[in-house]
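Subject: A structure to look through

Dear colleague,

I am passing on a structure for you to open beside this message. Please look at it first, and then read the notes below, which go through it step by step.

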Amino acid sequence: MRKDKWRKFLKQKQFMFAAGLMVVAAAGMTGIYVSEQTNRNEQYEQKAEPDGEKYVTEEETEVEPAEDVSNILLPEVSEPQTEQVMPSVETDVETESVEEEAEAAVPTGTTTAELNFSESSELLWPLQGNVIMNYSMDQTVYYATLDSYRYNPAVIIAGEVNDKVTCAADGIITDISTNEETGCTVTMDLGNGYSAVYGQLKEVPFHAGAYVEAGDVLGYVSEPTKYYSVEGSNLYFALRHGEETIDPITFFE
């Protein structure tokens, strides 16, 4: 019995001794770990504080207010020069085209102010042919095609289809249009309120705004409209002063 008790006592002592060794070993290891960690921190701080400057952590860092730059004058920037850029090629071409058309319409030195038709001026015959219907605003004349009597504000000159029609006086074309009675009709400004009207034309080689001199070919006699089918192909020629029609026969040379 005493031997068994003794054995148990020795086992307890051995267990306590082993436990003590484990505690001492753990404490030693902890000390070593703490010591190494301390050394590492010191080395890290030494690296982070060169030349004796203190290392500042993110928590200790304070953001300094931005420097006020409102009173700093910025260098002056010259204005862009885009406004002084020369016009594009397309604009130049369009301008030149308009100028060329204007020059074609009115030759150099000739303007509407120089058109000086008056009651003493003379007209060239625009077509060589017989007058088949005289100007008549005082009394009516007979229209064979219409089989009726009407006033006639123009002279009707007989001609063959494709006969040349020439300009009776210098003038500027103000209108080229087509209507049922006189077909293709050209109206020209002669100056001082006078105008000439040419009807029953075709193949007019000019445009509105063109300047045409006396004797220039203005067009050609066309087939007659339904208003003159019996009378045959002809030139309708009227002379006006303002809104009033005038007998052109008195102005022909």
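**What was found**

Of the 253 residues of the chain, 28% count as buried, where buried means a relative accessible area under 20%, exposed means over 50%, and partly exposed lies in between (1.4 Å probe, protein chains only). This is a predicted model, so local features need a pLDDT of at least 70 and side-chain atom pairs count only at pLDDT 80 or more, while totals for chains, interfaces and linings use all residues. Residues are numbered from 1 along each chain as its sequence is written, and side-chain values use heavy atoms, with hydrogens and water left out.

The pLDDT, which is the predictor's confidence in each residue from 0 to 100, averages 78 over the chain, and 58% of the residues score at least 70. Please read two stretches with care: pLDDT stays under 50 over residues 50–61, and also over residues 102–111.

The chain has two helices and 12 strands, these being DSSP runs numbered from the N terminus (helices are H or I with at least four residues, strands are E with at least two). Along the sequence, both helices precede the strands, in the pattern α-α-β-β-β-β-β-β-β-β-β-β-β-β.

Strand 2 and strand 3 pair in the antiparallel sense over four bridges, where pairing requires that DSSP finds at least two bridges between two strands. Together they form a hairpin with four residues between them, and Asp147 in the turn has a positive phi of about 50°. Within this pairing, Tyr143 has Ser148 of strand 3 as its bridge partner.

Tyr142 lies in strand 2 (residues 136–143) and is partly exposed, with a relative accessible area of 39%. The side chain of Tyr142 makes a polar contact of 2.5 Å with the side chain of Asp147; a polar contact is a pair of N or O atoms within 3.5 Å, and within protein one must be able to donate a hydrogen and the other to accept it, with residues adjacent in sequence counting only if both atoms are side-chain atoms. Leaving aside neighbours within four places in sequence, Tyr142 is in contact (heavy atoms within 4.5 Å) with Met133, Asp147, Ser148 and Tyr149.

Thr145 is found in the loop between strand 2 and strand 3, and its side chain reaches the backbone nitrogen of Ser229 at 3.3 Å. Beyond four places in sequence, Thr145 touches several residues, including Lys226, Tyr228 and Glu231.

What is the relative accessible area of Thr185? Thr185, which has its place in strand 7, is buried, with a value of 6%. A polar contact of 2.6 Å joins the side chains of Thr185 and Thr182, and the side chain of Thr185 also reaches the backbone oxygen of Gly183 at 3.0 Å.

The largest nonpolar core (a set of buried Ala, Val, Leu, Ile, Met, Phe, Trp, Tyr and Cys residues joined through side-chain atoms within 4.5 Å) has 30 residues, of which Leu123, Met188, Tyr198, Leu201 and Phe237 touch the most other members. Strands 4, 7, 8, 10 and 11 each supply at least two residues of this core. Apart from it lies another core, of nine residues, among them Met133, Val141, Ile156 and Val197. In soluble globular proteins, nonpolar side chains tend to be buried together.

With best wishes
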